[in-house]
Amino acid sequence: MEEPFFTPPGEGERIRQHRVLAELPHLEALELSFGPDFEGVDPHTHPDHTDSFYVLEGEVEFFEDGEWHRAGPGTFLSVAADLLNKIRPCGVPFRLLNFHAPLTGFIERLRAG
């Protein structure tokens, strides 16, 4: 049985401007921060996991179901495996919570890149 996991405010590994909140077998959780010059994420799918986002600050656009959706603070989006998704900025800095379930190696790729 796994123990509860806790990351106090301000703690967690820093990878560039991002912060790792959890890296567990069943979940990766990050706080992602981007400046207004961020170019976005190319269209992609994930064959093996759900990718979810919660907007903390700023505005960002998510591509889902063939349409762009503008999202501000308090917006939640979850993209199931094999669904096309992409992200682009709206010209302002933004911060997101990002969850991958289960563990996918996303944090490892951030460390390497």
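E108 is located in helix α1 of this predicted model. Its relative accessibility is 45%, and because the partly exposed class runs between 20% and 50%, E108 counts as partly exposed. Between E108 and C90, which are 18 residues apart along the chain, the C-alpha separation is 28 Å.

Helix α1 (106–112) also takes part in the largest pocket, as one of the elements that give two or more residues to its lining. The space in this pocket is about 340 Å³. Its lining consists of 19 residues, and those nearest the centre are L32, F34, F38, V41 and F106. Besides α1, the elements with two or more lining residues are β3 (27–34), β4 (41–44), β5 (50–57), β9 (85–89) and β10 (94–101). Strand β10 contributes the most, with four residues.

The lining of the largest pocket divides by class as follows.

| Class of lining residue | Number in the largest pocket |
|---|---|
| nonpolar | ten residues |
| polar | seven residues |
| charged | two residues |

Strand β9, one of the elements named above for the pocket lining, holds K86. K86 is buried and has no salt bridge. The nearest side chain of opposite charge belongs to D42, at 8.1 Å; a salt bridge requires a side-chain nitrogen of Lys or Arg within 4 Å of a carboxyl oxygen of Asp or Glu, so the pair does not qualify. When neighbours within four places in sequence are set aside, the contacts of K86 are V41, D42, P43, E61, F62, F63 and W68. Among them, V41 is also listed with the residues nearest the centre of the largest pocket.

Key: Residues numbered from 1 in each chain as written. Predicted model: local features only at pLDDT ≥ 70, side-chain atom pairs only at ≥ 80, totals over all residues. Heavy atoms only, no water. 1 Å grid on protein atoms, 1.4 Å probe; cavity = no way out; pocket = protein on both sides within 12 Å on 5 of 7 lines; lining within 4 Å. Points joined across faces, edges and corners; volume = space filled by probe spheres on them. Nonpolar A, V, L, I, M, F, W, Y, C, P; charged D, E, K, R; others polar. Buried < 20%, exposed > 50% of the residue type's maximum accessible area, 1.4 Å probe, protein only. Lys, Arg positive; Asp, Glu negative; His and termini not counted. Contact = heavy atoms within 4.5 Å.
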